[in-house]
Amino acid sequence: ERIAQLIFVRANYSGKPYLNSVDTLISKYNIGGVVFFKGDPVAQVIKTNYWNSLSKIPLFVAIDAEWGLGMRLKNSISYPLQMTLGAISNNNLIYRMGQQIGEQCKRMGIHINFAPVVDVNSNPKNPVIGMRSFGQNPNIVAEKGNLYMLGMQSKGLIACAKHFPGHGNTYKDSHTDLPVVTSSRNILNNHDLYPFQYLIDNGVNSVMIAHLSVPALDKSPNIPSTLSHNIVTELL
């Protein structure tokens, strides 16, 4: 049961019905949580309440709402993408945005938002980060990501710094391939890892690990960073 509490499962595929198999995973195995993808907010709240009625321990509910619930749920609010936020001068607006997203998630019964993205957008050919990053300056990424995180956590939402140890300098999509980050350890320390260290120092509640090959941190062939003892257990 303690192992099962560490496992979160997908609630649905985008635009498709919620997975009936989740009922069994909750009632039989007592899993820890569910992750919702694209759908309808009213349907999601109803399903959240139903699944909690099956669970002996209240479920952790998570979602990707990097630019607000509108990223996943129709008829809900979308805020500017992070690259736009990287260009504004009044960073207090980012903190206030984080507070509003925190409030909206809590109303939905969501406990964890997989945001902010604190990858430094150092490769213009990157197919998966791009507009999701605050920019190419690690100091700006750290400062703005930190305010977004603090805003959400001030409302009791668990924020999540991603994608550790840094997905900005890639040209492949880690959803379908294993990108290789060729940066040296010195560059990683001063560039890609800096925003993560900054948010950790300021109390971020969680970190998401990327599916990357990072030879400077682990030379094991074809082992993604998600499964790397050096990267997860030692470094993070």
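**Terms and cut-offs in a predicted model**

Colleague: Arg 72 is located in the loop between β3 and α3. How are helices and strands defined?

Modeller: Helices are DSSP runs of H or I with at least four residues, strands are runs of E with at least two, and both are numbered from the N terminus. This is a predicted model, in which local features need pLDDT of at least 70 and side-chain atom pairs count only at pLDDT 80 or more, whereas totals for chains, interfaces and linings use all residues. Residues are numbered from 1 along each chain as its sequence is written, and side-chain values use heavy atoms, with hydrogens and water left out.

Colleague: Why does Arg 72 count as buried?

Modeller: Its relative accessibility is 16%. Buried means under 20% relative accessible area, exposed means over 50%, and partly exposed lies in between (1.4 Å probe, protein chains only); Arg 72 therefore falls in the buried class.

Colleague: Which residues are in contact with Arg 72, neighbours within four places in sequence aside?

Modeller: They are Phe 36, Phe 37, Lys 38, Gly 39, Ile 63 and Asp 64, where contact means heavy atoms within 4.5 Å.

Colleague: What makes the pairing of Arg 132 and Glu 66 a salt bridge?

Modeller: The term requires a side-chain nitrogen of Lys or Arg within 4 Å of a carboxyl oxygen of Asp or Glu. For Arg 132 and Glu 66 the N to O distance is 2.7 Å, so the criterion is met. This pair joins distant parts of the chain, 66 residues apart: Arg 132 belongs to the loop between β4 and α5, and Glu 66 to the loop between β3 and α3. Both Arg 132 and Glu 66 are buried.

Colleague: How many salt bridges does the structure hold?

Modeller: There are six. Another of them pairs Glu 1 with Lys 56 at 2.8 Å, N to O. Here too distant parts are linked, 55 residues apart, with Glu 1 in the segment before β1 and Lys 56 in the loop between α2 (41–54) and β3 (60–63). Glu 1 and Lys 56 are both exposed.

Colleague: Why are Lys 155 and Glu 103 called partly exposed?

Modeller: Lys 155 has 32% relative accessibility and Glu 103 has a relative accessible area of 31%, so each value lies in the intermediate class. A further network of salt bridges with shared partners joins Asp 64, Glu 66, Arg 72, Arg 132 and Lys 162.

Colleague: How do you know that the length of helix α5 agrees with expectation?

Modeller: The expected span is 1.5 Å times one less than the number of residues. Helix α5 (residues 138–153) has 16 residues and reaches 22 Å from its first C-alpha to its last, close to the 22 Å expected. Its buried residues, among them Val 141, Tyr 148 and Gln 153, pack against α3 (82–85), α4 (92–107), β4 (112–113), α6 (185–192) and α7 (194–201).

Colleague: What makes the approach of Asn 137 to Asn 139 a polar contact?

Modeller: A polar contact is a pair of N or O atoms within 3.5 Å; within protein, one must be able to donate a hydrogen and the other to accept it, and residues adjacent in sequence count only if both atoms are side-chain atoms. At the start of α5, a side-chain oxygen of Asn 137 comes to within 2.8 Å of the backbone nitrogen of Asn 139, so the distance limit is satisfied.

Colleague: Why is Ile 7 called partly exposed?

Modeller: Its relative accessibility is 40%, and Ile 7 is therefore in the partly exposed class. Ile 7 sits in the segment before β1 (8–10).
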